[in-house]
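Trainee: I am new to this structure. Please show me how to read its features, one at a time.

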Amino acid sequence: MKKNLWLTCFLAMSCVLTPLSLSYAASKQPVDLVYPYLDSANSRWFFFDSASLPFGMVNLNPDTEIGGAWGSGYRYHSNDIKGISHVHAWQLSGLSVMPLSSTRPVAEIKNDYYSPFSHDSEIVKPGYHKFSLDRYKIDVELTATTRVGFHRYHYAPNAPQQVLFNLGGKLGPSELGHAEANQVAPNAVAGYITNLPTYRRTRPTKVYYYAEFDKDIARLDSYRGEHVFPAVSGINGLDAGLLIELSHDAKPLLMKVGISYVSVENAKANIDAELSTWHFDKTKEAALTEWNTWLEKITVKGGSEQQQRRFYTDLWHALQGRRIISDANGQYVDQTGIDPVIKQLPLNEKGVPLFNHHNSDSFWGAQWTIATLWPLVYPSVASDFTNSLLTYYKDGSMIPRGPSGGNYTYVMTGASSTPFIVSNYMKGIRDFDVETAYNGLTYNHSDKGIMAKAGYEHYTKTGGGMRHYLEKGYIPFPLPPEESSYGNHRRGPGQTLENAYQDFTLAQFANALGKENDYQYFLKRSQNYRNVFDPESGFMRPRNVDGTWQTPFDPYQYENGFVESNPAQGTWFVPHDIKGLAELMGGEAVLIERLDRDFLVAEKQGFTSGTAHADETIESLRRAPINYGNQPSMQTAFIFSAAGAPWKTQKWSRRVVDAVYSHLSPERGYNGDEDQGLMGALAVLMKIGLFQLTGGVEQDPIYYIGSPIFDEITLSLDNDYFTGKQFTIKTLDNGPDNVFVESATLNGEPLNRAYLLHSEITNGGELVLQMSSTPNPSWR
């Protein structure tokens, strides 16, 4: 595999600032513009991030709430620090530690150790977090490499220096089971915690750790349940913990914690590979520099300071959440079978892994977000994730749509990884086993594959409704009783639309590979969306098993046959055939008029179902025709372009950005469910004015041009994959009212269409958009 930014930054840890980034840093570096508190008042376990690197195995930050996957982690308005955890991942948590300075016995401490803190003295940046534990008068600093958390604790003079390892109880999405901690050196302890199975992740998952101090350990006290064990060398069992007291001196205490899903030995080896020194400040600066390197792949000029800050905050969110689970040596745990098995990723001639293995929340909705952003700006990331997904296929016979801890979770519905992999191939990212990928995707689209499984359907293959989809061309809602008790998100017409779109993307892959019979087969299946369109109501509508329409029918009833949406929103989910959808509706003019009305209605509600994902439980907020706070309808503004009215795309996409993705506060951010970079990536794409309605699966993928909010946007292109050095988008006379494209030139020549081809961008060049306050219907 080619040497690239991904491998350089994550495996060699040797990123440096380029001349371009140095000149930009002279004014304001992107890492200084990121606002980590965004939406943190509504945070969930894996949402907030601070002391970590892009996609890092370690994502180290304090927890103010620790119970449950939702409403946990770092919540801005919660007042107490309850621990500092090393893993905040999809369905996984990791070692929680807490620096203390107390003379109380461990029997009291274990039930009472939380500390208040204040945002006034807090510093949070990508790769760094500093705060004070007021109860103990300890100043805490955190930073990280990819697989190692680095702590620095400043204790009060002559005060005890202690660290509590809390190994049990509830931590985020997981109940913690059997754990172990042992002193393994004069200055080190090691062991593991166990994430017990959850509804979504059905196999227990161990997280091993090796914690090393720059001072010797003076004493260990421990507990298990209500029992206390003073002056020990270790502890194991359920609901256990370890209070470590360090030799006292006036210097701050440093602690390095290596993490591994494989073994204690690998946790230590990760420290040896990534953090062999004790230079905290150098490590912190390296983390900030690395984030700058990634964020500076897109540079922007113009707009307000708030717009620039929010833009880099969105881009930062698009580069985190989907965590590495393989070690520096390339070992990982395969949990797709009954028993965990340690396996090895392929290595290059220098013994460096060719790619990383990953956890990931669902790729549901990724076709409009990370599947566009990553291949264009970070193609090595897209390659990395593709190879990781194929590793799951080789291990467990299915390409996942959201794995956790080396295990399938079957999160959401459909075969959402298909557009991602196909899009990568079409964009020239082909450093993976293409035939294996094709075989895995076609299996997924069968009645034996992942398309046959509804959300979290671990042991059966009926909730996906594939028997009906293949026989009838649609999935009933509800399913027959004998098939309707397995899995979540059993939403027939919504699943039908998803499957049809994903079949279209697989058809394009088959066509590109010269598999004509498969191409025709999946292309025919992609028209199944027509089978759930009711011409009488004008909506996509649930059908019963016998083919009759659901009666009575309410198109604004939430999850009435549509996953995390309503039929009104779901009706627009035909991204691969807008002309066909227009035909069903009575023509493109009718479609445009109707979609315009939907936007007018949605605008009154801010284009979302409330200002947080939890608001979707409020009935009145659910009854919206468009919701940009969740994935199912976030393509709608660009349907106008596909239907021949790009000026309406320009109008409504800019208004959505202003209303939904422009706030900069702990209370407002994504006005819904961010889902590990999906909404962050969407906001980035809308703000630079590039969007792929089909997910980019054409032979030379199409990017519709929206309404960029900046005067100049420069994409630095990866020369391991693309021929151009950079692509620049310039807007003339841009402003809050000048949202329409009057005319355009590409490399100095008139561009008389409202889209770009992938090759036109990746060959490098310049797009200039003349903006206006009035639409130009002739530019299309």
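Trainee: How many residues of each class are in the lining of the largest cavity?

Mentor: Rolling a probe the size of a water molecule over the atoms shows where empty space is left. On a 1 Å grid over the protein atoms alone, a cavity is a set of points where a 1.4 Å probe fits but cannot get out, and lining residues have an atom within 4 Å of a point. Ala, Val, Leu, Ile, Met, Phe, Trp, Tyr, Cys and Pro count as nonpolar; Asp, Glu, Lys and Arg as charged; the others, Gly among them, as polar. Here the lining of the largest cavity has 7 nonpolar, 9 polar and 1 charged residues.

Mentor: Two notes on the source. This is a predicted model, where local features need pLDDT of at least 70 and side-chain atom pairs count only at pLDDT 80 or more, while totals for chains, interfaces and linings use all residues. Residues are numbered from 1 along each chain as its sequence is written, and side-chain values use heavy atoms, with hydrogens and water left out.

Trainee: Which residues lie nearest the centre of the largest cavity?

Mentor: Trp 364, Gly 494, Glu 498, Phe 573 and Pro 632, out of 17 lining residues. Now the elements: helices (H or I, at least four residues) and strands (E, at least two) are DSSP runs, numbered from the N terminus. Helix H13 (492-512) and helix H15 (567-570) each supply at least two residues of this lining. The largest share, 4 residues, comes from H13. The space itself is about 180 Å³. A volume is the space filled by probe spheres set on the grid points, which are joined across faces, edges and corners.

Trainee: How many cavities of 30 Å³ or more does the structure hold?

Mentor: The structure holds 2. The second largest has a volume of about 60 Å³. Its lining includes Ile 66, Lys 82, Ser 96 and Tyr 113. By class, that lining has 4 nonpolar, 4 polar and 2 charged residues.

Trainee: And pockets? How much space lies in the largest pocket?

Mentor: A pocket is an open set of grid points with protein on both sides within 12 Å along at least five of seven lines. The largest one holds about 850 Å³. Of its 47 lining residues, Arg 44, Trp 70, His 613, Asp 673 and Asp 675 are the closest to its centre. The lining divides into 18 nonpolar, 17 polar and 12 charged residues.

Trainee: Next, sheets. What order do the strands of the open sheet take?

Mentor: Strands of a sheet pair through backbone hydrogen bonds, either parallel or antiparallel. Two strands pair if DSSP finds at least two bridges between them. In this open sheet of 8 strands, the order is S1-S2-S4-S7-S13-S22-S19-S20, with antiparallel pairing. Strand S1 (51-52) and strand S20 (227-229) are the edges, each pairing on one side only. Inspect one pair: 5 bridges join S7 (residues 96-100) to S13 (residues 162-166). Within it, Pro 99 has Val 163 as its bridge partner.

Trainee: Which way do S32 and S36 run, parallel or antiparallel?

Mentor: Parallel: 6 bridges join S32 (residues 726-732) to S36 (residues 765-772). Leu 732 stands opposite Gln 770 in S36. Strand S33 (residues 740-746) also has 6 bridges to S36, but this pair runs antiparallel. There, Ala 744 stands opposite Leu 769.

Trainee: Now helices. How many residues of H21 are buried?

Mentor: Buried means under 20% relative accessible area, exposed over 50%, partly exposed in between (1.4 Å probe, protein chains only). In H21 (residues 678-688), 11 of its 11 residues are buried. Among them are Met 679 and Lys 687. Just after H21, Gly 689 takes a positive phi of about 80°. Helix H8 (residues 370-377) is mostly covered too, with 8 of its 8 residues buried. Trp 374 is one of these.

Trainee: Where is Arg 753 found?

Mentor: In the loop between strand S34 (749-750) and strand S35 (755-757). At 21% relative accessibility, Arg 753 counts as partly exposed. Contact means heavy atoms within 4.5 Å. Not counting residues up to four places away in sequence, Arg 753 touches Ile 705, Glu 760, Trp 779 and Arg 780.
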